[in-house]
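Q: Could you help me look through a structure and work out what its rings and its core are doing?

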Amino acid sequence: MASRLFAFAASLALLSLLIPSAYGKPASFTVMKGSNNIFFSVDIKYDGEITAVSLMQTDSPFASGHGWQPLTHNFGTVWNYDPKDPTLPPFSIQITDKQGSKLVAKDVIPPNWKIDAVYHGNLA
């Protein structure tokens, strides 16, 4: 009985590695010093190689029709957004990984974001 239970648990563990989670891949986003409504810098921690990052403002009147806006790679895992118009969060973050997959953390940066705050989300 115990060996059957162990075999079942091992099978579930293997399946969890082979099938992507319905909840996405965990990531954390730290708002960097210097960020404000006309410049935004974020440190992204994600278990994978990020090749591009984009941001979408959910509620901004300036965001309509603009869709995903690219961020520039600053250094390490830090990415910057320097828009022409003031920003209005919440922000959704889209990353492109080494395989070319685009993954999104919807509204991960809240309207009342704070400098040095870490926000957790799932990239799906």
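A: What follows is a short talk through this predicted model, taking the aromatic rings, then the core, then one charged residue.

Q: OK, how many aromatic pairs are there in the whole structure?
A: A search of the whole structure finds two aromatic pairs. In one of them, the ring centres of Phe40 and Phe91 are 5.0 Å apart and the planes stand at 75 degrees, which is over 60 and so makes the pair edge-to-face.

Q: And which strands do Phe40 and Phe91 sit in?
A: Phe40 lies in strand 2 and Phe91 in strand 7, so this pair ties together parts that are 51 residues apart in sequence. Both Phe40 and Phe91 are buried.

Q: What about the rings of Phe40 and Trp113, how far apart are their centres?
A: Their centres are 5.6 Å apart with the planes at 75 degrees, so that pair is edge-to-face too. Trp113 is in the loop between strand 8 and strand 9, 73 residues from Phe40, and ring pairs link Phe40, Phe91 and Trp113 into a cluster.

Q: Switching to the largest nonpolar core, which residues touch the most other members?
A: Of its 24 residues, those are Phe29, Phe40, Ile44, Ile93, Ile95 and Ile109. Leaving aside neighbours within four places in sequence, Ile109 is in contact with residues including Phe29, Phe40, Phe91 and Ile93.

Q: Last one: is Asp43 buried or exposed?
A: Asp43 has a relative accessible area of 14%, which is under 20%, so Asp43 counts as buried. Asp43 lies in strand 2 (residues 40-46), and a polar contact of 3.3 Å joins the side chains of Asp43 and Lys45.

Technical notes. Residues are numbered from 1 along each chain as its sequence is written. This is a predicted model: local features need pLDDT of at least 70, side-chain atom pairs count only at pLDDT 80 or more; totals for chains, interfaces and linings use all residues. Side-chain values use heavy atoms; hydrogens and water are left out. Helices (H or I, at least four residues) and strands (E, at least two) are DSSP runs, numbered from the N terminus. Buried means under 20% relative accessible area, exposed over 50%, partly exposed in between (1.4 Å probe, protein chains only). A polar contact is a pair of N or O atoms within 3.5 Å; within protein, one must be able to donate a hydrogen and the other to accept it, and residues adjacent in sequence count only if both atoms are side-chain atoms. A nonpolar core is a set of buried Ala, Val, Leu, Ile, Met, Phe, Trp, Tyr and Cys residues joined through side-chain atoms within 4.5 Å. Contact means heavy atoms within 4.5 Å. Rings of Phe, Tyr and Trp (its six-membered ring) pair if their centres lie within 6.5 Å; planes under 30 degrees apart count as stacked, over 60 as edge-to-face and the rest as tilted.
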